[in-house]
Amino acid sequence: MLLENKVALVTGSGRGIGAAIAKTYAENGAFVIVNYLNRRNSADELVSLIKANGGQAIAMACDVRDDVAVKDMIATIIENFGTIDNVVNNAFSHYEFDPKNRKLLQDVTWRDYLDQIDGSVKGIVNVMQAVLPYLKANNSSHVINLTSDLVHIPTIPYHDYIVGKSAVIGLNRTMASELGAYGIYVNAIAPGLTYPTSSSEFTKRDVRDSLIAKTPTRRLTTPKDVSGTALFLASELSSNITGQCIVVDGGLYMG
Amino acid sequence: MTATSEITINIFHLPSQVNIAELEEKVICKGNQRIHMSYPDVTTKLLDETAENLRINQKSYLSQLTVEEIISIIDKAAQKWTNSEYELRILAEKTLPIITGYDALQISLELRQFIRLFRKKDLRRFIQSEVGMFGNILDDFQPNHSGGFSKFYGPDLIFQIFSGNVPGIQIWNLLMAAFVKSATLGKLSFAEAIMPSLFVKSLAEVDAKFADAIAILPWQSGTELENKAIELADTVIVCGGQSAVKSIKEKSGPTKKVLSYGYKIGLALIGQEAISTDRYTTLIKAVAEDISIYDQQNCLAPQSIFIEKGGAVTPKEFANLLASELQNYQIRYPRAQLIEAEQTSINKMRQQADIESISDSTTIAMVSQKNTDWTIIYRDKVDFMVSPLNRAINIFAVNNLNDIGQTLEPYRPYLQSAGIAVAPNRLFEMSDVLGSLGVNRISALGEMNHVVPGWHHDGGFNLLDLVHVTDIEASAERYSEQFDPDIE
């Protein structure tokens with residue numbers, strides 16, 4: 001198994017892409033910490049499902065935007081499991097992906113931008129600062145940051161969200177640059193519209209169909225597509241790859 | 001299936017006057033490669049005959065050469081080795097990785113650098129720094145400061161026992177003997193007899209009569225042959241481990257002159273000012289090189305590293321970074337395969353650290369997984385430890401590099417090289433502390449395995465330790481003037 005005996009933290013994994021990654025990691029031998037913000041039930045359900053399939057997981061509530069709470073969570077993980085090998089920074093601030101009712105540039109407030117930067121960037125910064133001493137001590141650690149193909153191809157210009165996710169790409173590169181010498185590999189995944197997830201519920205069929213029409217594989221991305229890439233990037237299969245952003249969107253964007 | 005490649009190589013050299021009826025053979029196999037190493041059956045009779053001829057050749061030819069002529073011969077041989085097409089270099093590059101187990105690329109890179117120590121300009125610098133007067137004092141009587149004249153004489157015949165840990169290192173001692181115009185009877189180690197044999201062959205290609213004053217032969221240690229060779233020689237030079245050196249000294253008795261190059265310990269010191277955000281990555285690379293080149297078998301390599309707290313990365317982070325870099329080195333230049341005893345001593349070092357970490361959680365073992373490729377034992381205290389070598393290193397986090405003197409004291413007889421990364425204002429202060437503790441060589445990090453021409457091997461004088469001086473005192477010179485029949 002690719003992640004045998006590895007301890008993996010997946011932030012925001014109560015549902016959607018995060019949950020798919022947590023499930024795939026557990027199937028491949030990792031002990032998974034399912035971090036969630038509010039939806040305790042869905043996190044607990046995921047943990048039960050993983051356990052029922054013979055995997056190992058535990059749910060931990062924590063707002064990754066809160067640095068004190070993050071430190072507590074990491075301390076608990078270390079106390080119980082001794083180390084962390086893989087971190088998936090998947091959590092982000094709630095966002096309404098609604099093509100029909102999105103805010104136009106003149107309506108987006110600075111607060112909106114800050115919310116997205118807090119969710120996307122501050123969450124990563126808090127988690128990374130808390131886990132770094134442990135990642136540095138491992139021979140090989142993997143960090144995966146979730147961004148979006150909208151950064152490259154803003155088919156729907158969600159200004160605030162895309163600004164936050166663009167910053168993730170910059171941070172992904174600077175972290176890879178500094179941490180490579182420690183054997184810490186840092187990569188990003190930029191999924192296209194991932195369906196079905198709760199984030200995509202307002203992206204109606206007309207928009208979905210128009211995206212599908214432009215997508216070489218003629219389909220949208222599924223959470224499982226993303227979790228496969230996340231597994232690759234967390235395992236030795238991706239050795240010596242760092243600072244990269246892999247776009248998983250059926251070829252809609254070709255970088 | 002690929003065909004087996006067979007290479008036959010002579011691992012000895014004798015004066016041309018000594019004839020050998022038949023050769024014995026030792027075969028080393030690795031994969032589909034077989035190396036046949038040929039050498040004569042060494043007997044006391046052969047040693048007698050060889051020594052007799054060496055003495056004749058030394059007297060009739062080597063002792064008549066000037067130092068400048070000797071430099072020129074060695075330079076021509078070394079220049080051959082700077083050519084990648086030179087057949088003996090190709091042979092060395094093919095066979096040494098198989099015989100020694102060191103990575104082929106690493107051997108090639110190191111040999112190229114090492115052989116350049118023997119070019120004319122480097123040798124002239126060496127001679128000048130060691131004896132002055134461009135070595136003329138080895139050729140003829142030269143005016144001295146007390147009004148008379150002096151000349152240096154080397155022994156007629158030196159028995160040398162070479163070590164086998166690092167390819168080519170034997171050439172250094174072999175040539176030191178040649179500079180003082182001494183013939184060499186050398187005992188090679190089977191572990192690495194190739195490089196000295198090939199280099200002497202190059203010398204013979206340049207000047208056969210010069211090479212006729214050199215004999216090198218491999219035989220198993222601990223036989224009566226050593227006693228015989230000691231008896232035949234005027235001076236003995238022994239390189240090797242503690243026990244080898246001790247045994248030769250005992251065999252040589254109190255009157256025979258013995259120079260020894262034995263077990264030595266290297267260390268590295270890193271000041272907090274050197275661990276800045278823009279410098280630390282290059283430091284890591286340098287330290288990893290010092291540890292990885294020839295797997296610390298060179299007595300020049302570090303066994304413990306002192307890292308001062310207060311730099312941009314903590315000593316522990318430095319150790320983490322070094323762990324990654326040693327893993328990178330393993331991918332680029334894999335460590336030699338170890339015999340079981342060597343593996344065991346590394347595992348012992350790891351176990352000891354694990355036990356220690358139960359009572360002291362600041363002791364951390366950072367190790368390659370599932371093998372002994374590399375090992376770092378990190379300790380947050382001032383101490384000093386030797387290493388089982390083969391890419392195993394001790395790291396000590398210290399508040400101030402000035403605090404380490406005391407811990408080095410017990411190792412005084414063994415301290416040799418120190419790699420040091422500190423600001424200029426601390427270099428001399430730290431060097432003085434280290435010098436007073438017996439450290440005799442201070443280099444940059446990353447250069448610990450590379451000596452410079454003119455280095456004082458183990459803190460001694462390479463040539464001066466070999467010679468005796470004959471002085472013509474001023475009175476004798478003036479006195480002789482009285483007996484000049486042409487002066488009235």
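How many bridges join strand β11 of chain B to strand β16 of chain B, and do the two run parallel or antiparallel? There are 5 bridges, and the strands, residues 265-270 and residues 415-421, run parallel. One pair you can pick out is B:L269, which stands opposite B:I420 in β16(B). Keep in mind as you look around that this is a predicted model.

**How far to trust it**

For chain B, the average pLDDT is 94, and 100% of the residues score at least 70. For the complex, the predictor gives an ipTM of 0.85 and a pTM of 0.88.

**The sheet in chain B**

Now step back from that strand pair to the sheet it belongs to. Going across it, the order is β13-β14-β15-β12-β11-β16-β17 in chain B, which makes 7 strands in an open sheet with mixed pairing. The edges are taken by β13 (364-367) and β17 (441-443) of chain B; each has a single partner strand, so one side of each is left without a neighbour in the sheet. From one strand to the next, the twist averages 20°.

Helices pack on this sheet too. Helix α11 of chain B, residues 280-292, touches β11, β12 (302-308), β15 (392-398) and β16 of chain B. Its direction makes about 160° with that of β12(B). Helix α13 of chain B, residues 340-359, packs on the sheet as well, touching β13, β14 (375-379) and β15 of chain B. The angle between the direction of α13 and that of β14(B) is about 30°.

For a look inside the sheet, try B:S304, which sits in strand β12 of chain B. Is this serine buried or exposed? With a relative accessibility of 0%, B:S304 counts as buried. Setting aside residues up to four places away in sequence, B:S304 touches B:G266, B:L267 and B:A268, along with B:F384, B:M385, B:I393, B:N394 and B:F396. B:A341 is 37 residues away from B:S304 along the chain, and their C-alpha atoms are separated by 21 Å.

**Some unusual backbone spots**

Most residues other than glycine have a negative phi, and most peptide bonds are trans. Here are two residues of chain B with a positive phi, neither of them a glycine.

| Residue | Phi | Source of interest |
|---|---|---|
| B:Q296 | near 65° | positive, not a glycine |
| B:L389 | about 70° | positive, not a glycine |

B:Q296 is in the loop between α11 and β12 of chain B, and B:L389 is in the loop between β14 and β15 of chain B. Where B:Q296 is concerned, a relative accessibility of 2% means that the residue counts as buried. B:L389 counts as buried too, at 17% relative accessibility.

Chain A has an oddity to show as well: a cis peptide bond joins A:Y195 and A:P196, with omega about 5°. You'll find A:P196 in the loop between β6 (184-191) and α6 (205-214) of chain A.

**Two domains in chain B**

Chain B is divided into domain 1, covering 5-263 + 459-471, and domain 2, covering 265-452. Their C-alpha centres lie 32 Å apart. Where the two meet, 19 residues from domain 1 of chain B and 21 residues from domain 2 of chain B take part in the contact. About 1700 Å² is buried between these domains, with carbon and sulfur atoms giving 57% of that area. Which three residues supply more than any others of the area that domain 1 buries against domain 2? They are B:Q106, B:E110 and B:Y263, which supply 36% of it.

**Where chain B meets chain A**

Finally, look across to the other chain. Here 9 residues of chain B are in contact with 7 residues of chain A. The two chains bury about 700 Å² between them, 46% of it on carbon and sulfur atoms. On the chain B side, B:N320, B:L321 and B:S324 supply 52% of the area buried against chain A, more than any other three residues.

A good residue to zoom in on is B:E317, in helix α12 of chain B (residues 315-332). B:E317 touches A:K136 and A:Y182, not counting residues up to four places away in sequence. Is B:E317 buried or exposed? The cut-off for buried is under 20% relative accessible area, and B:E317 has 19% relative accessibility, so this residue counts as buried.

Notes. Residues are numbered from 1 along each chain as its sequence is written. Chains are lettered from A and ligands numbered from 1 in the order in which they are written. This is a predicted model: local features need pLDDT of at least 70, side-chain atom pairs count only at pLDDT 80 or more; totals for chains, interfaces and linings use all residues. Side-chain values use heavy atoms; hydrogens and water are left out. Two strands pair if DSSP finds at least two bridges between them. Helices (H or I, at least four residues) and strands (E, at least two) are DSSP runs, numbered from the N terminus. Axes are lines fitted to C-alpha atoms, for helices over the stretch in contact, and angles run from 0 to 180 degrees between N-to-C directions. Contact means heavy atoms within 4.5 Å. pLDDT is the predictor's confidence in each residue, from 0 to 100. Buried means under 20% relative accessible area, exposed over 50%, partly exposed in between (1.4 Å probe, protein chains only). Domain bounds come from an automatic or database domain assignment. Buried area is the accessible area (1.4 Å probe) that two parts lose on being put together, summed over both.
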